[in-house]
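Colleague: I should like to go through the enclosed spaces and the nonpolar packing of this model, and to hear the reasoning behind each term.

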Amino acid sequence: MKGFHNKDSSSIDTREGTIKEVYSRIKDHGHARVSHAYMKNVQNQLRLVFWETTAGCNLECIHCRRLDVSTQLAKDDMTTEESYEFIDALAETAKPILVLSGGEPLFRPDIFDIAKYAVKKGLTIALATNGTLVDETLAKKIVDSGVSRVSISLDGADPETHDNFRKLKGSFERAIEGFNHLKNLGMSMQINCTIAKHNSHQLQDLYNLALKLGAEAIHIFMLVPVGCGVEIADDQMLEPERYEYILNQFYDLSREAKIQTKATCSPHYFRIMRQRAKEEGITITPKTHGMAAMTKGCLAGTGVCFVSHKGEVFPCGYLPVTAGNIKKQPFKEIWKYSPVFMKLREPDLLGGKCGECEYKRVCEGCRARAFYETGDYMAEEPYCIYKPKMMSKA
């Protein structure tokens, strides 16, 4: 069904366009079915691709998923020509939002040519940067390249918390400066925050900082124990109860509707959202819950994928299970037919309590955390305290 039609609305297209484009058409709609159809994504349309343009980075953040981060461009980064071929393949497959990430994407001298080429091919481009390299000149280049939104990561609400985690004194102030340079040129700005033990008490302050800076969105990422995250898991991973508390706090902040909010790598937020809405007697629609009404928990391999700087394709940046390599087979073929992706698209194959849970189709649990704990990416989410009704009855 391409659109939804009833006596209170005209036919609304819920299949074509990015989530932002579809949301702009249905944001004032009070019917749950409109956003629910988009959220279900029964055809597994590719909506978001994270591309690690380089492993090179100027920082050595202790929570980075990479173990082999380099202070130089990696020799096995895709060349400019290979990058163009990849973009061609993406455009032939779908029209997803392409997030240029790293490492630090601004390490690549051809990153602006890549962005311009992708825009020319009809893709929406976002840039994920630590912000420390963005001066006035670089900010203008980013804007001129056609990038639609820039996300800058802050891992603390103050310099001390952020800089300690980033291992670079002054990185907080430089990130803020980079944010302001871009904001002053009219760029749509987003704040990303990885929430762990060192900053979980600062969620309210991080939210207030995003408002103060004039960000359009704040996305929180719950730490996933993969790559460098494995090394700090014992020290930094939140206990499941604390995790649940933080996601409830974030839901309360989202209800202020002052800024776009999104919980990423936090699939049970979408179970909590439905529990809280039910308690409040509210039906979840774009009008009541914004873009959160249009998405769900773990999207790995169903609407999202990650492409490494070497061309490897993964369900997400935190699940190290290879679905293929674009240097060896067509991207479209990988997306449609990879056994890894096909398995992830079957919620009924989920194990443990995730398989029994009544919220599994809106949550699915974090497949990367399941893999970390058990070696099985279809096992139950280890950081969820919810007990499914079916198990309670048993």
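Colleague: What makes up the lining of the largest cavity, by class?

Modeller: The model is a predicted one. The lining of the largest cavity has seven nonpolar, two polar and five charged residues. That lining comprises 14 residues, and C354, C357, C363, C384 and Y386 lie nearest the centre of the cavity. Cys and Tyr count as nonpolar, so these five residues belong to the nonpolar class.

Colleague: Why is this space called a cavity?

Modeller: It is called a cavity because a 1.4 Å probe fits there but cannot get out. The space in the largest cavity is about 120 Å³.

Colleague: How many cavities of 30 Å³ or more are there?

Modeller: The count is two. The second largest cavity holds about 50 Å³.

Colleague: What makes R369 the charged member of the lining of the second largest cavity?

Modeller: I195, M222, L223, M237, L238, Y243, R369 and Y383 line that cavity. Arg counts as charged, whereas Ile, Met, Leu and Tyr count as nonpolar; therefore the lining divides into seven nonpolar, no polar and one charged.

Colleague: Which residues have the most contacts inside the largest nonpolar core?

Modeller: They are L98, I142 and F331, in a core of 95 residues. Beyond its neighbours within four places in sequence, F331 is in contact with L46, F86, A89, L90, T93, C305, V307, V313 and I326. A second, separate core has seven residues, among them V22, I26, V34 and M294.

Colleague: How do you know that V22 is buried?

Modeller: V22 belongs to the second core, and a nonpolar core is a set of buried residues; therefore V22 has under 20% relative accessible area.

Conventions
Residues are numbered from 1 along each chain as its sequence is written. This is a predicted model: local features need pLDDT of at least 70, side-chain atom pairs count only at pLDDT 80 or more; totals for chains, interfaces and linings use all residues. Side-chain values use heavy atoms; hydrogens and water are left out. On a 1 Å grid over the protein atoms alone, a cavity is a set of points where a 1.4 Å probe fits but cannot get out, and a pocket is an open set with protein on both sides within 12 Å along at least five of seven lines; lining residues have an atom within 4 Å of a point. Grid points are joined across faces, edges and corners, and a volume is the space filled by probe spheres set on the points. A nonpolar core is a set of buried Ala, Val, Leu, Ile, Met, Phe, Trp, Tyr and Cys residues joined through side-chain atoms within 4.5 Å. Buried means under 20% relative accessible area, exposed over 50%, partly exposed in between (1.4 Å probe, protein chains only). Contact means heavy atoms within 4.5 Å.
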